[in-house]
Amino acid sequence: MKVLVPGGAGYIGSHTVRELVARNHEVIALDTLENGNRAALLGQPLIRGSIDDAELLDKIFEQEKPDAVIHFAAYKAPGESMTQPAKYFRNNVSGTLTLLEAMQRHSCNYIIFSSSCSIFGTPKTCR
């Protein structure tokens, strides 16, 4: 299976890329490298770009023809999201919608969306 991994150069994304490769899947990482690191991909293919770039997504889907998407390309800093809500909306909501629309245009019907542990806050106690 060929899998597109937006946010693939981030911490969780890069570990997912490694696991997919270990299981003999073909992987294409998409990342802005704003928070990711090319070296974390251990030589796997990387396309530098954003999920809100419909033209780039169409090019990726036309050329690479991924069977599925595992989406890690969301911003996740709760404090920053309060001071820069438009940035978070553009990427996390609009960007995800742009990705989903590209998938639909290219008949890619499988997606895993990874949320963040940041949404749960800091626990008051540990059990």
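The radius of gyration is taken here over C-alpha atoms, and the value expected for a globule is 2.2 Å times the number of residues to the power 0.38. For the present chain, which is a predicted model, this rule places a compact globule of 127 residues near 14 Å; the chain has 15 Å, and the two therefore agree. Along the principal axes, the C-alpha atoms occupy a box of roughly 45 × 30 × 25 Å. The accessible surface amounts to about 8000 Å², with 54% of this area belonging to carbon and sulfur atoms. Of the 127 residues, 40% are buried. Among contacts between residues at least 6 apart in sequence, 61% link residues at least 24 apart.

The chain contains four helices and five strands, arranged along the sequence in the pattern β-α-β-β-α-β-α-α-β. Strand E1 (residues 2–6) is largely enclosed by the rest of the structure, because five of its five residues are buried. In a regular strand, side chains alternate between the two faces of the sheet. In E1, Lys2, Leu4 and Pro6 point one way, whereas Val3 and Val5 point the other way; residues of both sets are buried.

Strand E1 pairs with two other strands. Five bridges connect E1 to strand E2 (residues 26–31) in parallel orientation, with lysine 2 standing opposite glutamate 26 of E2. Between E1 and E2 the chain passes through helix H1 (residues 11–22), forming a right-handed β-α-β crossover. Strand E4 (residues 68–71) also runs parallel to E1 and is joined to E1 by two bridges; here alanine 68 of E4 is the bridge partner of valine 3.

Nonpolar side chains tend to be buried together in soluble globular proteins. In this model, the largest nonpolar core comprises 14 residues, of which Leu4, Leu30, Leu57, Phe61, Val69, Leu99 and Met103 touch the most other members. At least two residues of this core are supplied by each of E2, helix H2 (54–64) and helix H4 (85–105). Helix H2 provides the largest share, four residues. When residues up to four places away in sequence are not counted, methionine 103 touches Phe61, Val69, Cys108, Tyr110 and Ile111. A second core, separate from the largest one, consists of twelve residues, including Val5, Val27, Leu33 and Leu46. Strand E1 is thus represented in both cores: Leu4 belongs to the largest core, and Val5 belongs to the second. These two residues point in opposite directions from E1.

Conventions:
Residues are numbered from 1 along each chain as its sequence is written. This is a predicted model: local features need pLDDT of at least 70, side-chain atom pairs count only at pLDDT 80 or more; totals for chains, interfaces and linings use all residues. Side-chain values use heavy atoms; hydrogens and water are left out. Buried means under 20% relative accessible area, exposed over 50%, partly exposed in between (1.4 Å probe, protein chains only). Two strands pair if DSSP finds at least two bridges between them. A crossover is right-handed if, with the strands pointing away from the viewer, the path from the first strand over the helix to the second runs clockwise. Contact means heavy atoms within 4.5 Å. Accessible areas come from the Shrake-Rupley method with a 1.4 Å probe; for residues, only the protein chains shown count as cover. A nonpolar core is a set of buried Ala, Val, Leu, Ile, Met, Phe, Trp, Tyr and Cys residues joined through side-chain atoms within 4.5 Å.
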